[in-house]
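Dear colleague,

I am passing on the structure we talked about, and below it you will find my notes on how it is put together. Please read them with the model open beside you.

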Amino acid sequence: MYQPKSSYYKELNKLVSCLPDKSTRADDLIPESPRTETLLPKIHKSGNPGRPIISCVGTLTEQVSGWVEGILKPLVKDTPSFIQDTTALLNKLSAIGLLPEGTILATMDVESLYSNIRHQDGLNACKFFLENTGTDADSVVKLIKFILTHNYFEFDNKIYLQKTGTAMGSKMAPQYANLFMAKLESDFLSSCPIRPLAYYRYIDDILIIWTESEQQLKMFHEQFNQFHPTINLTLNYSCTEINFLDTIILLKNNKIE
């Protein structure tokens, strides 16, 4: 259940007072009703499983989450693996020249990324990227923690609190997930003696160009899965073509098309 409005107000007022935008008031952030969970089918997955979406509209965290999104978004764009869309990916791929014989195209997909980001890991990643930006990192991290720990929603006429991960309907969620993955992959890749020739990521979808052996690719994938206790990745690969986002990437005559 929700805490009393007075408790919300005191907690929010204390956090919002740290924001540079003094026009934002805690009164504007008090929810009128809990969020309602809905399921969207994953049409690209076998069996079309449901993706739980919790709307943030009109709730306690909506405006704070929107403000945090604006702070995190520029940081995401500066991460090495960031792919904004298909066009950006194609531009990067077109710059790659002749590849060695036996090059492998591979994709990895994080299983249920949003719900498997442990709060402290996500907060640590955000703080890492916020430091040295001129932003009060500690204040922003406190607001992110507030959002994560107040993900109340209604389902089947009952009120629940999401205790792990982040709600997909929260405005800051994609940027938060992006920064978590950016820190995770940076830490992992820096520990690998053998790395991909190229590594691109769109939130939880990863494309790599692998120029070592198939056995080493499988070992790379296995090591990545062992690197974090709650993050698991599926692997698909081919020496000729592979699907990524809404594109079929071809490898012909040692060149990407």
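Lys-252 stands opposite Lys-255 of strand 11, and strand 11 is joined to strand 10 by two bridges, the two strands running antiparallel. Before going further, I should say that this is a predicted model, in which local features need pLDDT of at least 70 and side-chain atom pairs count only at pLDDT 80 or more, while totals for chains, interfaces and linings use all residues. Residues are numbered from 1 along each chain as its sequence is written, and side-chain values use heavy atoms, with hydrogens and water left out.

The chain has seven helices and 11 strands, these being DSSP runs numbered from the N terminus (helices are H or I, at least four residues; strands are E, at least two). Of its 257 residues, 45% count as buried, where buried means under 20% relative accessible area, exposed over 50%, and partly exposed in between (1.4 Å probe, protein chains only). Among contacts (heavy atoms within 4.5 Å) between residues at least 6 apart in sequence, 69% join residues at least 24 apart.

To return to the sheet with the two lysines, its three strands form an open sheet in the order 9-10-11 with antiparallel pairing, and two strands are taken to pair if DSSP finds at least two bridges between them. Strand 9 and strand 11 are the edge strands, each with a single partner, so one side of each is left without a neighbour in the sheet. Helix 3 packs on this sheet and touches strand 9, strand 10 and strand 11, its direction making about 10 degrees with that of strand 10; axes here are lines fitted to C-alpha atoms, for helices over the stretch in contact, and angles run from 0 to 180 degrees between N-to-C directions.

Helix 3 (residues 86-94) has Thr-86, Leu-89 and Leu-93 as its buried residues. Seen down the helix axis, they fall within an arc of 60 degrees, so they line one face of helix 3, the arc being that of the directions from the helix axis to the C-beta atoms. Thr-87, Asn-91 and Ser-94, on the other side of helix 3, are exposed. The cover over the buried residues includes strand 6 (198-202) and strand 7 (205-210), as well as strand 9 (241-244), strand 10 (247-252) and strand 11 (255-256).

A further open sheet has four strands in the order 6-7-3-8, again with antiparallel pairing. Strand 6 and strand 8 (233-238) stand at its edges with a single partner strand each, so each has one side without a neighbour in the sheet. The twist averages 20 degrees from one strand to the next. Six bridges join strand 3 to strand 7, and Leu-105 has Ile-209 in strand 7 as its bridge partner. Helix 6 packs on this sheet, touching strand 3, strand 6 and strand 7.

As for the interior, a nonpolar core is a set of buried Ala, Val, Leu, Ile, Met, Phe, Trp, Tyr and Cys residues joined through side-chain atoms within 4.5 Å. The largest such core has 50 residues, of which Val-68, Leu-113, Ile-144 and Phe-220 touch the most other members. Helix 6 gives the largest share of this core, 10 residues. A second, separate core of 15 residues includes Ile-96, Leu-105, Tyr-200 and Ile-209.

With best wishes
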